[in-house]
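I opened the model to look up how the strands are laid out and what surrounds the ligand. My notes follow.

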Amino acid sequence: MRDRLPIRREDAMKIVMLGAPGAGKGTQAKRIAEACGIPHISTGDIFRSNIKAGTELGQQAKAFMDQGALVPDEITVGMLMDRIHEADCKDGYVLDGFPRTIPQAESLTEALSRTGEAIDAAIDIEVPDEDIVLRMGGRRACLHCGATYHTCFHPPRLENICDHCGHELVLRDDDKPETVKTRLEVYHAHTYPLIAYYRAAGVLHEVDGTKNMDQVFAEIREIL
Ligand code: AP5
Ligand code: MG
């Protein structure tokens, strides 16, 4: 019951989610956003909705995403900066999937520091690579509203149909086993160093992502 209570804070809350692909960043970011009443901003979701809408940004991003590679910083940073300056971000936000490289983190720190702001908490969800592969194969995503499910750990009420909007669920193109392997390699090479970056900034919190979704969220609540 306590898990359902809103998280109340006086000040704006700017949160970064860290963790390997499939660690549960999206799952927990949605819960935090709901509890804190702030937007959940996933760069992966923004790219996927652009791909679906057939925009130029989507076409550029798709080529990288399908291979499990990172979309270049030149494309990603500008897109994220525009998003966090929208009106709904005035009380804070949860960033999911950004930053993903040290240059992205530096751009964010620099942009925030211009207005005397900084990231308040970086939450690293830790899950070993072996568990990741199992999670990705079972994930089903709604490309319409961004909801995610798992065939075993979090099944939808009706098979392959989104509980929220009724659209069909799909296996993401980049959740195929070969691509997951590349994504994990890219994570260790480019994104893992962000843990040390935010530790040095004094805002890092590590949570055990191998527990069930409610237990992970309970741990995050304690932190926030
Ligand atoms: P993105 O969409 O961000 O993918 P990702 O980081 O690889 O992370 P995922 O969304 O795959 O995993 P998640 O941690 O959100 O896990 P989830 O909650 O779904 O990015 C996709 C691509 O876009 C990138 O590869 C890149 O090309 C590009 N991109 C995006 N941002 C970029 C950037 N900043 N710079 C450059 N390129 C960028 O959970 C996974 C599954 O496990 C689900 O099925 C879920 O139900 C289940 N699950 C969750 N928690 C638990 C639990 N505790 N126990 C059991 N099952 C669980
Ligand atoms: Mg995600």
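I started at Ala122 and found it opposite Leu204 in strand 7. I took helices (H or I, at least four residues) and strands (E, at least two) as DSSP runs, numbered from the N terminus. Strand 4 (residues 121–126) runs parallel to strand 7, and five bridges join them. Two strands pair if DSSP finds at least two bridges between them.

I noted the ground rules here: this is a predicted model, where local features need pLDDT of at least 70 and side-chain atom pairs count only at pLDDT 80 or more, while totals for chains, interfaces and linings use all residues. Residues are numbered from 1 along each chain as its sequence is written, chains are lettered from A and ligands numbered from 1 in the order in which they are written, and side-chain values use heavy atoms, with hydrogens and water left out.

Next I traced the sheet. It is open, has five strands in the order 2-3-1-4-7, and the pairing is parallel. Strand 2 (40–42) and strand 7 (204–208) are the edges, each pairing on one side only. On average, neighbouring strands are turned by 20 degrees against each other, direction ignored. Helix 9 (residues 213–223) packs on this sheet and touches strand 4 and strand 7 (contact means heavy atoms within 4.5 Å). The direction of helix 9 makes about 155 degrees with that of strand 7. For such angles, axes are lines fitted to C-alpha atoms, for helices over the stretch in contact, and values run from 0 to 180 degrees between N-to-C directions.

Then I checked the backbone. The peptide bond from Phe98 to Pro99 is cis, with omega near -5 degrees. Pro99 sits in the loop between strand 3 (92–96) and helix 5 (102–113). Asn160 is not a glycine, yet its phi is positive, near 65 degrees. I placed Asn160 in the loop between strand 6 and helix 7 (177–191).

Last came ligand 1. Which residues come nearest to ligand 1? Of the 34 around it (a heavy atom within 4 Å), they are Thr27, Ala69, Arg100, Arg139 and Arg183. Helix 2 gives the largest share of the shell, four residues.

I listed polar contacts (pairs of N or O atoms within 3.5 Å). A side-chain N or O atom of Arg139 is 2.6 Å from an oxygen atom of ligand 1. For a polar side-chain atom of Arg172, the distance to a ligand 1 oxygen is 3.2 Å. A polar backbone atom of Lys211 lies 2.8 Å from a nitrogen atom of ligand 1.

Note on methods:
A polar contact is a pair of N or O atoms within 3.5 Å; within protein, one must be able to donate a hydrogen and the other to accept it, and residues adjacent in sequence count only if both atoms are side-chain atoms.
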